[in-house]
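Here are my notes on a short stretch of sheet. Please read them with the coordinates open.

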Amino acid sequence: MIVLSVNGQDHALDIEPEMPLLWALRDEIGLTGTKFGCGIAQCGACTVHIDGVATRSCSVAVSDVAGHKITTIEGLKTDKLHAVQQAWIEHDVPQCGYCQSGQIMAVAALLSSNPNPTDADIDNEITNICRCGTYPRIRTAIHRAAELMKI
């Protein structure tokens, strides 16, 4: 039995310890906001927070994250939208939307450690892939989210 703390709730799961976290989240717990993209930690569609650090869940075994605080896109919003989610809506960022939960989680982690990212910081830290090419809107929304977090 492996216990995962996801979005503030413990889940006792009878699963293999080497199961990727992504599949535990989606198939065992039913949190489908985290998406499968490439399966090799390159695209970032599966990004979640492990103890506040953006992590690609397709390449992390559940046994490695038991006892850690896991946050998915479903847990990012508390009583109101997270500033990143609000900025995404204001700037109409998603096109197909598939990669957006991973993008939002990566950006939320960036802004928690760097509240004033430059374009270079964004280029270095947000390496998630968007097949629709919404990068200009993502960059604009990141700067807006940084502003919203100061209000």
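The points below cover one residue first, then the strands around it.

1. Status. This is a predicted model. Every value here is computed from it.

2. Thr55, location and burial. Thr55 lies in strand β4, which spans residues 53-56. Is it buried or exposed? Its relative accessibility is 17%. The cut-off for buried is under 20%, so Thr55 counts as buried.

3. Thr55, polar contact. Which backbone atom does the side chain of Thr55 reach? It is the backbone oxygen of Val53, at 3.0 Å. Val53 also has a place in the pairing: it is the residue of β4 that stands opposite Ile50.

4. Thr55, wider contacts. Set aside neighbours within four places in sequence. Thr55 then touches Cys46, Thr47, Val48, Ile50 and Val60. Among these, Thr47, Val48 and Ile50 are buried residues of strand β3.

5. Strand β3, two faces. β3 covers residues 47-50. Thr47 and His49 point to one side, Val48 and Ile50 to the other. All four are buried, so both faces of the strand are covered.

6. Pairing of β3 with β4. The two strands run antiparallel and are joined by four bridges. They form a hairpin with two residues between the strands. Asp51 in this hairpin takes a positive phi, near 50 degrees. Please look at that torsion when you check the backbone.

7. Pairing of β3 with β5. Strand β5 consists of residues 69-71. It pairs with β3 in the antiparallel sense, over two bridges. Which residue of β5 is the bridge partner of His49? It is Thr71.

Note on methods. Residues numbered from 1 in each chain as written. Predicted model: local features only at pLDDT ≥ 70, side-chain atom pairs only at ≥ 80, totals over all residues. Heavy atoms only, no water. Buried < 20%, exposed > 50% of the residue type's maximum accessible area, 1.4 Å probe, protein only. Polar contact = N/O pair within 3.5 Å; in protein donor to acceptor, adjacent residues only side chain to side chain. Contact = heavy atoms within 4.5 Å. Pairing = 2+ DSSP bridges.
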